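I opened my notebook for a friendly walk through this one. The entries below keep to what I looked up, one topic at a time.

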Amino acid sequence: MRTKMMAMAILVLASGAAQARSSIWDGAYTDAQADRGRTAYMQNCSRCHGATLMGTFEIPPLVGRIMPYYSGSSLETFFDYIATAMPLDRPGSLSPATNADIVAYILKTNDVPSGSRELTAAGSKTIQFDVKPRKK
Amino acid sequence: MIGVGHMDRRHLLKQSLALGGLAGLGATSQPAMAQRAQLVPIRAHADRIYDIKCCIRPFRTKGPNLTVEQVGDATVIHNYGHHGSGWCLSWGSADMQVQKAMSFAPRKIAVVGSGVIGLTTAVQALRAGMEVTIYTRELLPRTRSYRANGVWGPGTVALASEAQPGLGDIWEQMVRTSWKNFRPYMGMAGSPIAWSEHYELSDTPFDAPPPAPIPMANGEPAPVFYDMGNRIGDITSIPEVLTPELNPFPGVKYARHSTKMFWNFSEYGHLLTTEFFSRGGKIVMRDFHSPSELGHLPEKVIINCPGYAAHDWWRDKSMIPVRGQTEWLIPQPEVNYGLTYRNVETRSKSDGVMVIQIGPEMFAKSWKNSNEIPNRAEAETAVKVVEELMSRFPTRPA
């Protein structure tokens, strides 16, 4: 029994490690989700960050430098920041699903490829925000 | 420094005058002016607005966070939450927190943020002999500090009900240390710090009873701020009432005159930045997302100067956003004065004539407002007040 439990624990740990190895470059969102995210972005974010996500002199861009700025953290960190701090004039007012769609759209605009599974708030915990695709 | 600070200054000044114990900067037994000043009108028209800057003042209900805490193996010394008084308190607050850092005897320190508090703290640490690296997502011209009004007039920094014990003494120390540190910048080429005449103008007597408090735009009652008391009357310019013969503004019934110190951001910021690099300071462009990330920095003593960003990255929910907006008219170096009239203030700086809406109604719209989008209509409304005032000056012959 004890051996069986240990084996299960190892299996869980191994699957956790496998999950933790997931990267934003492994298809972290779907195209349909990014399309929804685009609509949500235009409604809630573009007023400050601009229709092209380039920001302004005073408002940070959401393309380019966010890649190195978030590199090394999990996608959850990025998701959490958007969920708690944005939109700036009514922080935390968007649903987790809408925030996930917006994250998907931002990833797509930064040329991070889509995949077959939708991004969720919970799922973002196991996805690493890598600045570049990992070498296979 | 803007809006709220202005209201508080008036309150403080009234107190100082009522007590009569402080002479006040610029106050003498002589009349304010021997003769009526000849003023060049401000060319205030909407089409001369060349920039609108919007920012969030970092108000913290308990007052600035100056505490020290441990994050992993790093010692974090906080330095944020100076409301609209960051420029005024910058050197004093920097000095206080750098002293705390030095007590850990580090060779290297990190400074997070490079608004006026962060950059000044970094320079102060370099002057103290430490090796300094600033970690920041923006350089000074893109920070909220750079979107302030930038006039001397330290105001309240806490709510009366939540102010930390001894805040008045700490605030006064910060103010006085800052004041002394600004002194070497006066008279320098480019006028990083300058002085100008200021006229407070009114259609009603200055001793008229104040209007009833206005509820905040979000429906809350007006906040009650910590009263800084009668502390800095000797370094605060006290306005003197001008007789009608000395009032240079046609069609304005009541006028007061004072002299105000202000910053020219470009020149002052350039000096701070130049000193930072010339003393060997380094800047790393990066963002932080959670306090634990500080533990990964090579420096183990860190002074945290994020301004309003502490609300999100340090999850400091005692931070309250207070919106502020300034509009900038094309520079007029020949305009050597500022004015306050009908809840609009102007100041002639090297990079333009600054115009700002102030007063209780504007404050009611700004409190707990984190909308940082410039409002063109607000800008034009403010400029129109100045335009109408300037139209009262006689037209000069061509």
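These notes go from chain A to the chain contact and then to chain B.

**Entry 1: what I am looking at**

I note first that this is a predicted model. I will keep that in mind throughout.

**Entry 2: chain A overall**

I looked up the secondary structure of chain A and found 6 helices and 0 strands. Along the sequence, the pattern reads α-α-α-α-α-α. Next I checked burial: of the 136 residues in chain A, 25% are buried. I also looked at sequence separation in the contacts of chain A. Among contacts with a separation of 6 or more, 75% are between residues 24 or more positions apart.

**Entry 3: α5 and α6 of chain A**

How do α5(A) and α6(A) pack, by angle and axis distance? I found helix α5 (residues 75–85) of chain A packing on helix α6 (residues 96–109) of chain A at about 125°, with the axes 10 Å apart. The two helices are therefore oblique to each other. I noted the crossing of α5(A) and α6(A) as right-handed.

Then I listed the residues that meet. From α5(A) they are A:Phe78, A:Phe79, A:Ile82 and A:Ala83, and from α6(A) they are A:Pro96, A:Asn99, A:Ile102 and A:Val103. By class, that contact has 7 nonpolar residues, 1 polar residue and no charged ones.

**Entry 4: two backbone details in chain A**

I stopped at the loop between α5 and α6 of chain A, where A:Pro87 is found. The peptide bond joining A:Met86 and A:Pro87 is cis, with omega about -15°.

Further on, in the segment after α6 of chain A, I came to A:Asp111. Its phi is positive, about 65°, although A:Asp111 is not a glycine. Is A:Asp111 buried or exposed? I counted it as exposed, because it has 8 C-beta neighbours inside 10 Å.

**Entry 5: where the chains touch**

I looked up the contact between the chains, which takes 11 residues from chain B and 12 residues from chain A. On the side of chain B that touches chain A, I find 1 nonpolar, 4 polar and 6 charged residues.

**Entry 6: helix α3 of chain B**

I began with a length check on α3(B). Its 12 residues at 1.5 Å a residue should span 16 Å, and the end C-alpha atoms are 16 Å apart, which agrees.

How many residues of α3(B) are buried? I get 11 of the 12, so the helix is largely enclosed by the rest of the structure. The buried residues include B:Val116, B:Ile117, B:Gly118, B:Leu119 and B:Thr120. What covers the buried residues of α3(B) includes α2 (86–102), β4 (108–112), β5 (131–136), α5 and β10 (301–304) of chain B. After α3(B) comes B:Gly129, with a positive phi near 100°.

**Entry 7: α3 against α5 in chain B**

I took one of those covering elements on its own. The axes of helix α3 (residues 116–127) of chain B and helix α5 (residues 265–278) of chain B come within 9 Å and cross at roughly 40°. That makes α3(B) oblique to α5(B). Their crossing is left-handed.

On the α3(B) side, I listed B:Leu119, B:Thr120, B:Ala122, B:Val123 and B:Leu126 as making the contact. On the α5(B) side, the residues are B:Leu272, B:Thr273, B:Glu275 and B:Phe276. I sorted the residues of this contact into 6 nonpolar, 2 polar and 1 charged.

**Entry 8: B:Arg57**

I found B:Arg57 in strand β1 (residues 49–60) of chain B. B:Arg57 counts as buried because 28 other C-beta atoms lie within 10 Å. Setting aside neighbours within four places in sequence, B:Arg57 is in contact with B:His83, B:Gly84, B:Val322 and B:Gly324. I also paired B:Arg57 with B:Ile320: they are 263 residues apart in sequence, and 8.2 Å apart in space from C-alpha to C-alpha.

**Entry 9: B:Asn343**

My last stop was the loop between β12 (337–341) and β13 (344–349) of chain B, where B:Asn343 lies. I noted a positive phi near 65° for B:Asn343, a residue other than glycine. With 18 C-beta neighbours inside 10 Å, B:Asn343 counts as partly exposed.

Key
Residues are numbered from 1 along each chain as its sequence is written. Chains are lettered from A and ligands numbered from 1 in the order in which they are written. This is a predicted model: local features need pLDDT of at least 70, side-chain atom pairs count only at pLDDT 80 or more; totals for chains, interfaces and linings use all residues. Axes are lines fitted to C-alpha atoms, for helices over the stretch in contact, and angles run from 0 to 180 degrees between N-to-C directions. Helices (H or I, at least four residues) and strands (E, at least two) are DSSP runs, numbered from the N terminus. Angles under 35 degrees count as roughly parallel, over 145 as roughly antiparallel, 65 to 115 as roughly perpendicular and the rest as oblique. A crossing is left-handed if the near helix is turned anticlockwise from the far one by less than a right angle, and right-handed if clockwise. Two residues are in contact if their C-beta atoms, placed from the backbone, lie within 7 Å. Ala, Val, Leu, Ile, Met, Phe, Trp, Tyr, Cys and Pro count as nonpolar, Asp, Glu, Lys and Arg as charged, and the others, Gly among them, as polar. The expected span of a helix is 1.5 Å times one less than its number of residues. A residue is buried if 20 or more other C-beta atoms lie within 10 Å of its own, exposed if 12 or fewer, and partly exposed in between; C-beta atoms are placed from the backbone.
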